[in-house]
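The following report describes a single protein chain, residue by residue where the detail warrants it. Its subjects are selected local sites, the overall fold and the open spaces in the surface.

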Amino acid sequence: MLELRNLAFYYGAVHAVSDVNLTVQKGTVHGLIGPNGAGKSTCIDLVSGRKRPTAGTIRYDGNDITTRSVRWRRHAGISRSFQRISVFPELTVADQLDLAARSVGERDLDLVVARLGLDTCLGERCKQISYGQQRRVDIALALLGEPRLILLDEPTAGLSREESLQLADHLVALVRERQATVLIVEHDMEVVFRVCDRLTVLQLGEVIAEGSPEEVRRQPRVIEAYLGRAS
């Protein structure tokens with residue numbers, strides 16, 4: 001579904017992403033992990049079109065989309081959520097989801113609402129609901145329109161352990177049901193090992209490991225660079 005080949009992005013002399021090669025198979029949840037400053041969110045920005053790579057190519061479902069716009073990619077089935085919640089505080093949850101659903105042709109909004117547990121707060125304004133519920137609204141917006149590739153940038157940031165695991169389970173159930181593909185950046189290792197089929201580990205903009213969660217968590221370089229500190 002997604003291939004990054006020799007992908008690079010430079011801020012002047014700073015190599016935020018350097019020669020990254022990554023393949024995400026259709027129908028999988030692929031985790032992108034690593035310490036702060038590893039280049040994870042930059043990779044998500046490059047795939048979503050918010051940034052243009054300095055070098056390399058991005059292929060989506062076999063097609064080169066390296067220079068395609070954000071709008072084009074969204075219409076082609078690529079959606080994303082952000083680290084910071086991007087909801088309209090004055091709108092009710094129902095109004096916000098309904099407007100977004102109409103704009104992307106969502107056919108089963110009720111399913112998304114039910115799977116993410118938003119049915120109890122539909123009549124409330126987004127500024128009135130809890131942070132965890134706002135997170136779910138934000139992710140629901142990314143899931144509308146049945147996107148084929150979903151980019152999630154730290155979806156459980158700011159949530160409690162219980163909220164994080166519950167959201168992860170709801171998310172995976174919905175993604176599996178809709179046969180979507182996910183590239184997820186996440187710092188919560190319990191969530192990562194719970195939901196991901198495969199992992200890629202970045203450090204200072206470079207790939208240092210890739211494999212199944214069990215394979216990755218046993219690699220000494222990963223433990224030294226990230227998992228050891230995280231645990």
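Lys 26 is placed in the loop between β2 and β3 (29-33). In this predicted model, the C-alpha atoms of Lys 26 and Met 1 are separated by 5.0 Å, although the two residues are 25 residues apart along the chain. Not counting residues up to four places away in sequence, Lys 26 touches Met 1, Asp 61, Arg 148 and Thr 181.

Strand β2 (residues 14-24) contains Asp 19. The backbone of Asp 19 has a positive phi of about 55°, although the residue is not a glycine. The relative accessible area of Asp 19 is 45%, so this residue is partly exposed.

A further residue other than glycine with a positive phi is Leu 204, where the angle is near 50°. Leu 204 belongs to the loop between β9 (198-203) and β10 (206-211). Its relative accessible area is 67%, and Leu 204 is therefore exposed.

Ser 79 is a residue of strand β6. Is Ser 79 buried or exposed? Its relative accessibility is 3%, so Ser 79 counts as buried. Leaving aside neighbours within four places in sequence, the contacts of Ser 79 are Arg 74, Ala 142, Pro 147, Leu 149, Ile 150 and Leu 151.

Helix α1 (residues 40-48) is mostly covered, with eight of its nine residues buried. These buried residues are Lys 40, Thr 42, Cys 43, Ile 44, Asp 45, Leu 46, Val 47 and Ser 48. Gly 49 follows α1 and has a positive phi, near 95°.

**Overall fold and confidence**

The protein has nine helices and 10 strands. Its radius of gyration is 17 Å, close to the 17 Å that the globule rule gives for 231 residues, so the protein is as compact as a globular protein of that length. Taken along the principal axes, the C-alpha atoms fill a box of roughly 50 × 40 × 30 Å. Of the 231 residues, 50% are buried. Among contacts with a separation of 6 or more, 67% join residues 24 or more positions apart.

The average pLDDT of the protein is 89, and 97% of the residues score at least 70. Confidence is highest in strand β4 (residues 55-60), at a mean of 97, and lowest in helix α9 (residues 220-230), at 68. Where pLDDT is low, the predicted coordinates should not be read in detail.

**Pockets**

Rolling a probe the size of a water molecule over the atoms shows where empty space is left. The two pockets described here are set out below by volume and by the character of their linings.

| Pocket | Volume | Lining residues by class |
|---|---|---|
| Largest pocket | About 570 Å³ | 12 nonpolar, six polar, six charged |
| Second largest pocket | About 180 Å³ | Four nonpolar, four polar, three charged |

The lining of the largest pocket consists of 24 residues, of which Arg 74, Arg 80, Phe 82, Leu 141 and Ala 142 lie nearest its centre. The elements that give two or more residues to this lining are α2 (70-75), β6 (78-80), α3 (93-104) and α5 (131-143). Which element gives the most to the lining of the largest pocket? That element is α3, with five residues.

The second largest pocket is lined by Arg 71, Arg 74, His 75, Ala 76, Gly 77, Ser 103, Val 104, Leu 144, Gly 145, Glu 146 and Pro 147. Both α2 and α3 supply at least two residues of this lining. In this pocket α2 gives the most, with three residues.

Arg 74 appears in the lining of the largest pocket and also in that of the second largest pocket. Arg 74 is, in addition, one of the residues in contact with Ser 79. Two other contacts of Ser 79 are Ala 142 and Pro 147; Ala 142 is among the residues nearest the centre of the largest pocket, and Pro 147 lines the second largest pocket. The strand that holds Ser 79 is β6, which is itself among the elements giving two or more residues to the lining of the largest pocket.

Terms used:
Residues are numbered from 1 along each chain as its sequence is written. This is a predicted model: local features need pLDDT of at least 70, side-chain atom pairs count only at pLDDT 80 or more; totals for chains, interfaces and linings use all residues. Side-chain values use heavy atoms; hydrogens and water are left out. On a 1 Å grid over the protein atoms alone, a cavity is a set of points where a 1.4 Å probe fits but cannot get out, and a pocket is an open set with protein on both sides within 12 Å along at least five of seven lines; lining residues have an atom within 4 Å of a point. Grid points are joined across faces, edges and corners, and a volume is the space filled by probe spheres set on the points. Helices (H or I, at least four residues) and strands (E, at least two) are DSSP runs, numbered from the N terminus. Ala, Val, Leu, Ile, Met, Phe, Trp, Tyr, Cys and Pro count as nonpolar, Asp, Glu, Lys and Arg as charged, and the others, Gly among them, as polar. pLDDT is the predictor's confidence in each residue, from 0 to 100. The radius of gyration is taken over C-alpha atoms; the globule rule is 2.2 Å times the number of residues to the power 0.38. Buried means under 20% relative accessible area, exposed over 50%, partly exposed in between (1.4 Å probe, protein chains only). Contact means heavy atoms within 4.5 Å.
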